[in-house]
Amino acid sequence: MNRNQISPQVELSTDPSALRRVDFCAPVSYKGAGFLEISTMPRLHVEASSVVVGDGFDWNISTHFVDSAIAERSQVLKLDLKGRIHLICQRCLQDCPVNLLERRQFVLVATEEEADAFSMEDDQQESLVASQHFDLLELLEDEILLSLPLIPIHTDSACKAHASSFGDFGETSSKTEKQENPFNILKNMKKNS
């Protein structure tokens with residue numbers, strides 16, 4: 001018999017403060033979806049160059065029980081994130097909208113020892129230590145932070161290189177044509193000797 005059929009399913013609240021204390025030790029499955037604004041996640045808010053209307057992340061979470069080699073039954077958490085944040089483009093130093101789409105899967109385990117024993121070869125899912133007061137909001141913020149690009153940049157067509165860093169390309173080519181060759185001075189000195 002499937003454990004999902006006998007265990008109740010609890011709907012997660014969309015309120016960010018309610019996501020701070022979720023009991024993953026209870027024999028229930030969870031399901032929920034919502035939208036998180038950038039301002040509800042303080043570490044992510046620090047990374048944002050600006051916050052524009054519509055910036056934030058849609059999240060969708062569901063859990064179910066499966067047979068496991070670690071325990072008689074393990075709870076699997078599926079997480080989907082989709083959203084947008086503005087970061088500083090490293091090419092032009094202007095605001096750059098970054099769209100993220102992240103899909104993760106975790107196996108909830110009871111202890112740190114079980115998490116350490118979890119197979120690292122399975123790159124489709126990771127272990128996560130469950131607790132009665134699990135901070136799901138922190139997990140969402142962690143996954144968003146981990147999915148941010150190391151070097152955010154606009155697409156080539158939308159990005160204008162910062163003039164103070166690279167100069168104006170049109171002027172530099174005409175200046176080099178007008179500049180005198182520095183070896184001409186040495187050439188003149190050799191003629192005079």
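This briefing covers helix packing, salt bridges, cysteines and a surface patch. The model is predicted. A search of the whole structure finds seven salt bridges and zero disulfides. Helix H4 (residues 136-147) has buried residues that pack against several strands and a helix.

**Helix H4**

- The end C-alpha atoms of the twelve-residue helix H4 are 17 Å apart, which agrees with the 16 Å that the helix should span at 1.5 Å a residue.
- The buried residues of H4 include five nonpolar-named positions, Leu136, Leu137, Leu139, Leu140 and Ile144, together with Glu141 and Glu143.
- These buried residues pack against strand E2 (29-37), helix H2 (42-47), strand E3 (56-66), strand E4 (74-88), strand E5 (95-109) and strand E6 (126-129).

**Salt bridges**

- Arg84 pairs with Asp55, with the closest N and O atoms 2.6 Å apart. Arg84 lies in strand E4 and Asp55 in the loop between H2 and E3, so this salt bridge ties together parts that are 29 residues apart in sequence.
- Arg84 is partly exposed at 25% relative accessible area, whereas Asp55 is buried at 4%.
- Asp80 forms a salt bridge with Arg103, the closest N and O atoms being 2.7 Å apart. The pair links distant parts of the chain, with Asp80 in strand E4 and Arg103 in strand E5, 23 residues apart.
- Asp80 is partly exposed, with 25% relative accessibility, and Arg103 is exposed, with 70%.
- Glu126 and Arg104 meet through their side chains in a salt bridge of 2.0 Å, N to O. This pair also links distant parts of the chain: Glu126 is in strand E6 and Arg104 in strand E5, 22 residues apart.
- Glu126 is partly exposed at 39% relative accessible area, while Arg104 counts as buried at 19%.
- Arg43, Glu141 and Asp142 are joined into one network by salt bridges that share partners.

**Cysteines**

- The closest cysteine sulfur to that of Cys96 belongs to Cys89, and the distance of 5.2 Å is too far for a bond; the cut-off for a disulfide is 2.5 Å.
- Cys89 is buried at 0% relative accessibility, and Cys96 is buried at 2%.

**Surface patch**

- Phe183, Ile185, Leu186 and Met189 form a nonpolar patch on the surface, and together they have about 460 Å² of accessible area.
- Met189 sits in helix H7 (residues 183-192) and is exposed, with a relative accessible area of 52%.

Note on methods:
Residues are numbered from 1 along each chain as its sequence is written. This is a predicted model: local features need pLDDT of at least 70, side-chain atom pairs count only at pLDDT 80 or more; totals for chains, interfaces and linings use all residues. Side-chain values use heavy atoms; hydrogens and water are left out. Patches are made of residues with over 30% relative accessible area and no salt bridge: like charges are joined within 9 Å, nonpolar side chains (Val, Leu, Ile, Met, Phe, Trp, Tyr) within 5 Å. Accessible areas come from the Shrake-Rupley method with a 1.4 Å probe; for residues, only the protein chains shown count as cover. A salt bridge is a side-chain nitrogen of Lys or Arg within 4 Å of a carboxyl oxygen of Asp or Glu. Helices (H or I, at least four residues) and strands (E, at least two) are DSSP runs, numbered from the N terminus. Buried means under 20% relative accessible area, exposed over 50%, partly exposed in between (1.4 Å probe, protein chains only). The expected span of a helix is 1.5 Å times one less than its number of residues. Contact means heavy atoms within 4.5 Å.
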